[in-house]
Amino acid sequence: MELVSRQDPHLREVLWFGVRCRALTLLLQALFNLLLPDHAADAFSPPRLSEPGLWDLLLEQLLGGLSRWDAEHFLFIAERGYLYEHNCAFLPLYPLSLRAAAQGILWPLQPLLRLRSRLLLSAVLLNSLFSILAAAALYKLGCVVLQRRGVAFLAALLFSVSPANVFMAAAYSESLFAFLVFSAMWQVEKGQSWLGGLLFSLASGVRANGLINAGFLLYARGKCFALQLQVGSGSLRKLPPLWKQLLSVTFSAVLMCAGIFLPFALFQYYAYVRFCGPGAGLEQTVPRPLLQLALAKGYRLAGRNGVKPPWCSWRFPVVYSYIQDAYWNVGFLRYFELRQIPNFLLALPVTLLGLWAAWTYLIANPRHCLTLGLERRKSEEEGKPGAGFCCPAVFVYVVHATASLVVGFFCMHVQVLTRFLGSCSPILYWFSAHLLQEYEPLLWSEGTDNQTTAPRSQKSLLDKSPGSSGKGMLENPLVRLLMNFRLLTPLSKCILGFFLSYWLLGLILHCNFLPWT
């Protein structure tokens with residue numbers, strides 16, 4: 001498999017560093033979960049219907065911190081299906097993956113662990129795997145887009161200590177989503193649009209914001225068509241007629257976008273059939289404790305008393321939009337309240353980084369941004385694509401990240417911005433790596449590199465094989481920075497401090513049912 005090729009020592013280090021970070025994350029969450037008492041949060045917490053055994057209790061002590069908040073929804077859906085209406089805010093591919101692993105790979109543990117325990121163990125194992133593979137996919141994507149192996153390497157290492165780290169480890173869908181999205185982007189950049197479209201389609205069955213990834217395919221097709229129109233007259237004669245090109249581009253774009261929207265649309269249809277169709281007698285099949293929970297909390301069950309939810313009568317009955325509005329009050333400027341100031345402060349670091357990244361790119365490429373990257377550049381005509389964060393190929397990723405940031409800031413619960421951007425966009429990691437490379441002297445130590453604008457180059461540290469000089473882990477640039485933290489510039493300390501403090505605070509707070517991002 002190309003993704004885990006052993007011929008690239010940088011990729012090998014990315015994988016091993018990811019493994020070590022996953023192991024440390026699991027160890028720390030177990031420690032914090034044992035030492036700190038759980039907060040009595042007003043969150044979804046369905047009753048356990050079977051008595052836990054000794055091994056169930058042990059697993060809960062070790063990994064229970066990863067089943068908090070929304071993780072309860074995913075585990076419940078994997079075990080019971082979409083029983084309550086508000087469960088439909090969580091798309092099905094991730095719970096299906098948990099169920100398949102629990103009933104397949106972990107089936108031999110059935111005599112020792114009840115289903116929920118096996119689902120939790122499946123979540124931990126799968127998310128560890130997906131997050132490591134996501135780091136590898138991000139590295140491969142960075143090598144293709146940035147044309148700077150060193151920056152791509154450092155960005156992938158930063159992903160392993162992401163400020164959204166706790167959500168990559170807990171029973172959330174972020175790890176699977178990041179893996180699918182980064183892999184899809186990589187395939188599109190290599191020219192494998194149909195494979196990229198398939199991966200984007202799977203991602204839209206994991207999280208709803210996967211729908212906007214259709215923009216990558218539309219942009220790739222549109223850019224290819226626009227650049228073809230700008231070729232010389234000699235080359236133009238070899239191309240099909242304009243109407244054939246336009247028809248081909250339109251047909252393929254519509255087909256791929258339909259494929260991306262299909263999983264989400266099918267799930268909305270499933271929810272409509274389940275909650276709006278005939279459902280008489282369903283409540284008799286629901287265990288009494290779950291019925292009592294629905295009555296106590298006001299959860300709507302499918303087919304209960306023959307009363308249909310209000311969204312069933314909409315012209316476009318999309319249950320996802322209804323749940324976000326009715327259950328969580330998600331909407332434009334709805335979160336702009338004085339009591340939400342702490343949550344805006346939580347989102348401040350990632351907001352500033354995102355805006356700074358967009359501004360940096362705009363200042364470096366004003367004409368490229370004004371022409372939407374559809375104008376053929378001299379470097380492209382000479383076959384010399386730009387390199388680094390400000391290269392032309394990064395444009396579409398900056399637009400995607402900025403649009404996601406704006407929508408998240410004004411229309412969502414703003415504290416989720418960190419994990420929202422951390423799992424859907426490479427910009428957070430590319431720009432952080434770019435800043436460290438450009439402004440941190442410890443990364444300029446030796447050698448020369450014609451592809452960098454820093455006073456001294458990163459070639460010896462970022463571009464040579466890890467471990468080739470016999471220094472072991474110190475050849476990992478991120479480890480080197482952390483080992484010399486006192487010597488870093490204030491900017492480097494802020495960036496690494498943001499990543500590591502959110503990594504650690506997330507484990508402490510989230511794993512004990514305390515509010516976090």
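A cavity, on a 1 Å grid over the protein atoms alone, is a set of points where a 1.4 Å probe fits but cannot get out, and its lining residues have an atom within 4 Å of a point. I started my notebook there, with the enclosed spaces.

**Ground rules**

I am working with a predicted model, where local features need pLDDT of at least 70, side-chain atom pairs count only at pLDDT 80 or more, and totals for chains, interfaces and linings use all residues. Residues are numbered from 1 along each chain as its sequence is written, and side-chain values use heavy atoms, with hydrogens and water left out.

**Entry 1: the second largest cavity**

I searched the whole structure and found two cavities of 30 Å³ or more. The second largest holds about 30 Å³ of space, a volume being the space filled by probe spheres set on the points, which are joined across faces, edges and corners. Its lining consists of Gly 18, Arg 22, Ser 131, Ile 132, Phe 159 and Ser 160. Helix 1, helix 5 and helix 6 (149–160) are the elements that give two or more residues to this lining; helices here are DSSP runs (H or I, at least four residues), numbered from the N terminus. I sorted the lining of the second largest cavity by class and got two nonpolar, three polar and one charged. For the classes, Ala, Val, Leu, Ile, Met, Phe, Trp, Tyr, Cys and Pro count as nonpolar, Asp, Glu, Lys and Arg as charged, and the others, Gly among them, as polar.

**Entry 2: Ser 131**

Next I looked up one of those lining residues, Ser 131. Ser 131 sits in helix 5 (residues 115–146). Is Ser 131 buried or exposed? Its relative accessible area is 4%, so it is buried (under 20% relative accessible area, with a 1.4 Å probe and protein chains only). Its side chain reaches the backbone oxygen of Ser 128 at 3.0 Å, a polar contact (a pair of N or O atoms within 3.5 Å; within protein, one must be able to donate a hydrogen and the other to accept it, and residues adjacent in sequence count only if both atoms are side-chain atoms). Beyond its neighbours within four places in sequence, Ser 131 is in contact with Arg 22, Phe 159, Met 168 and Ser 175 (heavy atoms within 4.5 Å).

**Entry 3: helix 2**

In helix 2 (residues 54–63), I noted Asp 56, Leu 59 and Leu 63 as buried. Seen down the helix axis, the buried residues of helix 2 fall within an arc of 65 degrees, so they line one face; the arc is that of the directions from the helix axis to the C-beta atoms. What does this face pack against? The buried residues of helix 2 pack against helix 1 (9–35) and helix 5.

**Entry 4: the largest cavity**

The largest cavity has about 80 Å³ of space. Val 350, Gly 354, Ala 401, Thr 402, Leu 405, Leu 421, Ser 425, Ile 427 and Leu 428 line it. Helix 18 gives the most to this lining, with three residues. By class, I get six nonpolar, three polar and no charged residues in the lining of the largest cavity.

**Entry 5: Glu 475**

Last, I checked Glu 475, in the loop between helix 21 (459–462) and helix 22 (477–483). Glu 475 counts as buried, at 5% relative accessibility. Its C-alpha atom is 9.6 Å from that of Glu 13, although the two residues are 462 residues apart along the chain.

Conventions: Buried < 20%, exposed > 50% of the residue type's maximum accessible area, 1.4 Å probe, protein only. 1 Å grid on protein atoms, 1.4 Å probe; cavity = no way out; pocket = protein on both sides within 12 Å on 5 of 7 lines; lining within 4 Å.
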